[in-house]
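Visitor: Please choose a single part of this model and take me through it closely, including what is packed around it and how that part fits into the chain.

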Amino acid sequence: MKALVTGASGFIGRYIVRELLEHGYDVRVLVRNIANIEGKVEIFHGDITKLHSIFPALKGVDVVFHNAAYAMDWGRKFPYALLHSSCRISLALSINFLLLR
């Protein structure tokens, strides 16, 4: 089974990747930065806020572990809400793409 992990270079994402590999999954990661990526994984560079980088990563996967986040002090609420909405729309469209393939 092939799994896609978003946010695989983050603290939690690293452990998700490790567990999947230990349980025999083929793992693909969608990351902005390859720091902290370990093990035999297929790397896709991208950003969950940009649809053109999500679709190629989804091709051929069976399951998605969405763990990507923008983890820092956001300051005002408005920019966070705008980006969060954009990510939700991108992921919803991506999941529909995955289901309709």
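Guide: Two strands are said to pair here if DSSP finds at least two bridges between them. The model is a predicted one, and the part I would choose is strand S2, which covers residues 26-31. In S2, the residue bridged to Val5 is Val29, and this pair belongs to a run of 5 bridges that joins S1 to S2 in the parallel sense. S2 also runs parallel to strand S3, residues 42-45, and 4 bridges join these two; Val31 has His45 as its bridge partner in S3. The pairing continues from S1, since S1 and S4 are parallel as well and share 4 bridges. Val5, already met as the partner of Val29, has Phe65 as its bridge partner in S4.

How enclosed is S2 by the rest of the structure? With buried taken as under 20% relative accessible area, 5 of its 6 residues are buried, and the strand is therefore largely enclosed by the rest of the structure. S1 is mostly covered too, with 4 of its 5 residues buried. For the chain of 101 residues, by comparison, the buried share is 28%. As background, side chains in a regular strand alternate between the two faces of the sheet.

One residue of S2 merits separate attention, namely Arg28, whose place is in this strand. Its relative accessibility is 5%, and because the cut-off for buried is 20%, Arg28 counts as buried. Its side chain comes to 2.8 Å from the backbone oxygen of Ala57, and Ala57 is itself one of the buried residues of helix H2. If neighbours within four places in sequence are set aside, the contacts of Arg28 include Lys2, Ala3, Leu4 and Val5, then Glu42 and Phe44, and further along the chain Pro56, Ala57, Leu58, Lys59 and Val61.

Helix H2 covers residues 51-58, and Ser53 is found in it. The buried residues of this helix are Ser53, Ile54, Ala57 and Leu58. Around the axis they take up an arc of only 130 degrees, which puts them on the same side of H2. Ser53 has a relative accessibility of 10% and so counts as buried. A polar atom of the Ser53 side chain lies 2.8 Å from the backbone oxygen of Asp47. Beyond four places in sequence, Ser53 is in contact with Leu30, His45, Gly46 and Asp47, and His45 is the residue of S3 that bridges to Val31.

Past the end of H2 comes Gly60, in the loop between H2 and S4. Just after the helix, this glycine takes a positive phi of about 85 degrees, and at 39% relative accessible area Gly60 is partly exposed. Although Gly60 and Met1 are 59 residues apart in sequence, their C-alpha atoms are 9.8 Å apart in space.

The other helix to consider alongside S2 is H1, which forms a right-handed β-α-β unit together with S1 and S2. H1 holds 12 residues, 11-22, and at 1.5 Å a residue it should span 16 Å; the distance of 18 Å between its end C-alpha atoms agrees with this. Its buried residues are Gly13, Val17 and Leu20. Seen down the axis, they fall within an arc of 65 degrees, so they line one face of the helix. These buried residues pack against S2, and likewise against S1 and S4, whereas Phe11, Ile12 and Glu22 are exposed on the other side of H1. Just after H1, Gly24 takes a positive phi of about 85 degrees.

It remains to place this part within the chain, which has 3 helices and 4 strands, in the order β-α-β-β-α-β-α from the N terminus. Of the contacts with a separation of 6 or more, 55% join residues that are 24 or more positions apart. To return to the part chosen, S2 is joined in parallel to S1 by 5 bridges and to S3 by 4, the buried residues of H1 pack against S2, and the side chain of its Arg28 reaches the backbone oxygen of Ala57.

Key:
Residues numbered from 1 in each chain as written. Predicted model: local features only at pLDDT ≥ 70, side-chain atom pairs only at ≥ 80, totals over all residues. Heavy atoms only, no water. Expected span 1.5 Å × (residues − 1). Buried < 20%, exposed > 50% of the residue type's maximum accessible area, 1.4 Å probe, protein only. Arc of directions from axis to C-beta. Contact = heavy atoms within 4.5 Å. Polar contact = N/O pair within 3.5 Å; in protein donor to acceptor, adjacent residues only side chain to side chain. Right-handed = clockwise from strand over helix to strand, strands pointing away.
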